[in-house]
Amino acid sequence: MNLVFAAAIGVIFGAGVHLLLQADLLRVVTGLALVANAASLTLMSSGLTRGREPILPLTGDAEPASDPVVQALTLTAIVIGFATTALLLALIVVLYRRRHSVDLDDLSREEAEAAARDEAEEPALDAWRELGLEVDEPEVAR
Amino acid sequence: MSASAIAAVAVAAVAFVATWAAWAAGGFAVDVPWAPAWDLRLSLELDGLGLLYALLAAGVGVLVFAYASAYVPRHLAHEGRPRREEARLHGAMALFLVSMLGLVLARDLVLLFVFWDLTAIASWLLIGFDRANRSARLSALMALLVTTITAVLLLVAILVLRAEYGTTQIDELIAVARPGWAVALAGALIAAAALAKSAQAPLHFWLPRAMAAPTPVSAYLHSAAMVAAGVFLVSRAHPLLALEPALLDGLLAIGLLSIAVGGLLALWATDLKRLLAYSTVSQYGYVVVMLGVGGAAGAAGACLYVLAHALAKSALFMTAGAVTEATGRRELPRLGGLARRMPLLAAGSGAAVATLAALPLTLGFFKDELFFHAAAERGTWLAVAAVASAALTLAYLGRFWGGVFLGRSDAEVRPVPRRLVWPVVALGTLVVAGGIAPGPFAALAEDGAAVTAGGPAPVDVAYHLDGRTENVMALAAWLAGALLLVARPRLQGALSALARAGEAVGPERVYTASLAGLNALSNRIHDVEVRDLRARIAAVLVPASALIALGVVLTPTGGTYAVGPVELEDLPLVLVLAVGALAALATTRPRRHLRLALALSAVGFSLAVVYALLGGADIALVAVLVETLFALLFVGVFSLIPARELRREARRRSTGRTRARNLVIAATSGVVTTLVAWGAFSRPIPDDPAAERYLALADDAHGKDVVTVILADFRGLDTLVEITVVLVAAIAVATLLHGRFRA
């Protein structure tokens, strides 16, 4: 079963990475959700024992209880993953309201144009002056 | 006086009295374990050297803090800033004082290093006090960078000594250290850090820049405290440095260079505070020279010099501040004739100038006597250099005092508060008292010098009316200094040329060029790596995958990977996993967003079934709940973004090259993840799994569901943090969607 779990995790993670690399921000968030799913599955399948639910009382001789530690960790991971994904989706909505696009290519193009505009309005000073260490008359406070 | 100013003065006064009382009571020592695993101890001890510097820092602190209580409110008013910001300055000054006390008392090098950096941080706060002023901020940054980057050298030296001798206690090190590469290397690094802190050439350039600080800061940091810390460290570590004579020769050379560079630039500078800053570079050069000469004579001279210089130099800085406050001017050519208008200030600063210029009847006379004595002991060439240095000092100090108080100018003199004058008068009185009755000062210096010299170092001070070498040298120095002062106007051209040359190719250029270069490099890397989100993800994932793959290839695999048994009863699990994997693959296909969300849900719900089959009832329930919420959330977001935007996005096609690149990166990550997970799952089961203990303990925690007990009890704090994260995320989502972020 080791290989089966590992293969499933690899496929889900790979699909998540593929989505992460898209320009569409909604796909990027979906990709993150998939990566989080892969992580949860990794935690669950790394349990040391498999068997019935770890709920007392356990009838000792029948089936072993499945590992409760990884279950607790997975539960935490799922909930945190949900909270962060919700936050990302809210960010996308706000981004759309401000920039009217959810596409990374559009956004980076816009950002580059804005940077070029700023540069044209106020050209970067040369290195010496930029560092405020002009040669002649340094300012001295009173 | 504001409450914060009173508090600062009180801190300094208490520190002064407590240090004095502790010394009178026979010393003071604390030694408690700090980090026993590294054999670090919080060890503080008051010895003669610590006493000298602690009394200076606290005593000058009392006067400077009192001066600041009158100066800073006026400074803030000039700058148009609220008066309450005064507390920031007093607080940082007090922090500096405490760090300085810790520094001089520390007997463990690591502890000393901590205080060393604390003084640098406090000085950064103080130099950059006028934070609206860009020049002040950059000057503060320069002082911080020069002193903390070199502080790393000190840390390296500590590690070298620890590796070689197994201790960081100064006294133990001095006892066991023998000449050799470790002491040579560590000694050179310690000296480099100390000389940068004392603004010695070629790392002197930060000190004139630091004059962007308000005057009380300069009067404190750049006379009695910050720059004194450097020569203090050399004095403290002197028995180590003395094991390698080459190190002492290096000190001698750097000290002479600093005397010359600082002195000539002080003779050239016209701004009052810059002149004093260059003078500080030069005067600490004297101390470094005497430490380089070493022995009892050098140690004695260095200690008395530090004492006399700190008292006089802080008086002169405070004079500069009072003069500028009275006239609104700070350039020598535009000042003059203030002796009649401000007689008390003229007298007080006159005494300070006289002591620095080593005129008789001042404490400073003896500091030069010891300096000449140490130099003459070393050789004729150093005696000549010493006389030249003293002449230079006399010339620029005469120019400073004469330029301000003699002659005439059109400057309008406004009255200044008394608290800007009497600290100067107090210090002037003190140095004249030291000239008449040098006994207590000599005793203080003698106790300090004994630590540096590692044995008795008598400070013999008295006036001798005879033709001994020191007297001849002093006479020669006064004569040469007076000639230099008279001839100075003719030298102005040459001095300007020197200053310009220093600015054009000097070390400050190296500093700015390296900073600009680092900035450009950082921008370049930023541009390459952070062009967009995808490039950044690729920049993280691809090298990470490559490294892990390399690790997998290089690690012996024998028995590492086990396929593991697949029983018939595992069939449902395999099938559901296959469905989940297929659904994951499906998310990469559809262009429409709704189908994308459905495919994501399919993955999530399949995994919920997997969790149920693995015996995780709670997890399965949570996963179903979360996946349902996810589906709703995605649909909700789709409804907030207009359908035409979603359709436009769905129709986009990336170029073939990008698609191929994405595919390769995704496939590589997937394969590597599989390998890593497979390797992890194939590890043998440990003997004593934590699960068994949890299962056994759950009943005691009055819970039946072990997972719940773990979350709510055994790992309750984790769960609390987790709930906090969820809560913060919820608040953030609410703020983003309904708050003032609405566009």
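Here is a chat between a student and a tutor about this predicted model.

Student: Let's begin with the layout. Which domains is chain B divided into?
Tutor: Going along chain B, domain 1 covers 1-243 and domain 2 covers 244-526. After those come two further stretches, 566-683 and 685-743. So, with bounds that come from an automatic or database assignment, the list reads domain 1, domain 2, domain 3 and domain 4.

Student: How far apart are the C-alpha centres of domain 1 of chain B and domain 3 of chain B?
Tutor: Domain 1 runs over 1-243 and domain 3 over 566-683 in chain B. Taking the C-alpha centre of each, the separation comes out at 58 Å.

Student: Which strand of chain B gives the most to the nonpolar patch?
Tutor: The patch is made by Phe28(B), Val30(B), Val32(B), Trp34(B), Leu42(B) and Val114(B), and has about 430 Å² of surface. Trp34(B) is one of its members, and this residue lies in strand E1. Three residues of the patch come from that strand, residues 29-35, so the name you want, counting strands from the N terminus, is E1.

Student: Is Trp34(B) buried, partly exposed or exposed?
Tutor: The relative accessibility of Trp34(B) is 35%. Buried means under 20% and exposed means over 50%. Since 35% falls in between, Trp34(B) counts as partly exposed.

Student: On to charges. How many salt bridges are found over all chains?
Tutor: Side chains of opposite charge can pair when their charged atoms come close. A search of the whole structure for such salt bridges gives a total of 27.

Student: In which helix do Arg109(A) and Asp106(A) both lie?
Tutor: These two side chains meet in a salt bridge, at 3.5 Å from N to O. They sit three residues apart, about one turn of the helix, within residues 104-121 of chain A. That helix is H4.

Student: Which of the two, Arg109(A) or Asp106(A), is buried?
Tutor: Arg109(A) has a relative accessible area of 46%, so it is partly exposed. The other value is 12%. Because buried means under 20%, the buried one is Asp106(A).

Student: How many residues apart are Asp171(B) and Arg107(B)?
Tutor: Their side chains form a salt bridge at 2.9 Å, N to O. The pair links distant parts of the chain, with Asp171(B) in helix H6 and Arg107(B) in the loop between helix H3 and helix H4 of chain B, and the separation is 64 residues.

Student: Which residues are linked with Arg107(B) in a network of salt bridges?
Tutor: Arg107(B) itself is buried, with a relative accessible area of 7%. Asp171(B), at 39%, is partly exposed. The network that holds Arg107(B) also takes in Glu45(B), Asp47(B), Asp171(B) and Arg236(B).

Student: Which helix holds Asp249(B), the partner of Arg378(B)?
Tutor: Arg378(B) and Asp249(B) form a salt bridge, with the closest N and O atoms 3.0 Å apart. They are 129 residues apart in the chain; Arg378(B) is in helix H17, and Asp249(B) is in helix H12.

Student: Lys273(B) is buried yet has no salt bridge. What backbone oxygen does its side chain reach?
Tutor: Lys273(B) is found in helix H13 of chain B. The nearest side chain of opposite charge is Asp271(B), 7.1 Å away, and a salt bridge needs a distance within 4 Å. At 2.7 Å, though, the side chain of Lys273(B) reaches the backbone oxygen of Ala213(B).

Student: Which proline is joined by a cis peptide bond to Ala201(B)?
Tutor: Most residues other than glycine have a negative phi, and most peptide bonds are trans. Here omega is about 0 degrees. The proline lies in the loop between helix H7 and helix H8 of chain B, and its name is Pro202(B).

Student: Is Ala199(B) buried or exposed?
Tutor: Ala199(B) is found in the loop between H7 and H8 of chain B. Its phi is positive, about 55 degrees, although it is not a glycine. With a relative accessible area of 0%, Ala199(B) is buried.

Student: And is His702(B) buried or exposed?
Tutor: His702(B) has a positive phi near 60 degrees, and lies in the loop between helix H29 and helix H30 of chain B. Exposed means over 50%. At 77% relative accessibility, His702(B) counts as exposed.

How values were computed: Residues are numbered from 1 along each chain as its sequence is written. Chains are lettered from A and ligands numbered from 1 in the order in which they are written. This is a predicted model: local features need pLDDT of at least 70, side-chain atom pairs count only at pLDDT 80 or more; totals for chains, interfaces and linings use all residues. Side-chain values use heavy atoms; hydrogens and water are left out. Patches are made of residues with over 30% relative accessible area and no salt bridge: like charges are joined within 9 Å, nonpolar side chains (Val, Leu, Ile, Met, Phe, Trp, Tyr) within 5 Å. Accessible areas come from the Shrake-Rupley method with a 1.4 Å probe; for residues, only the protein chains shown count as cover. Helices (H or I, at least four residues) and strands (E, at least two) are DSSP runs, numbered from the N terminus. Buried means under 20% relative accessible area, exposed over 50%, partly exposed in between (1.4 Å probe, protein chains only). Lys and Arg count as positive and Asp and Glu as negative; His and the chain ends are not counted. A polar contact is a pair of N or O atoms within 3.5 Å; within protein, one must be able to donate a hydrogen and the other to accept it, and residues adjacent in sequence count only if both atoms are side-chain atoms.
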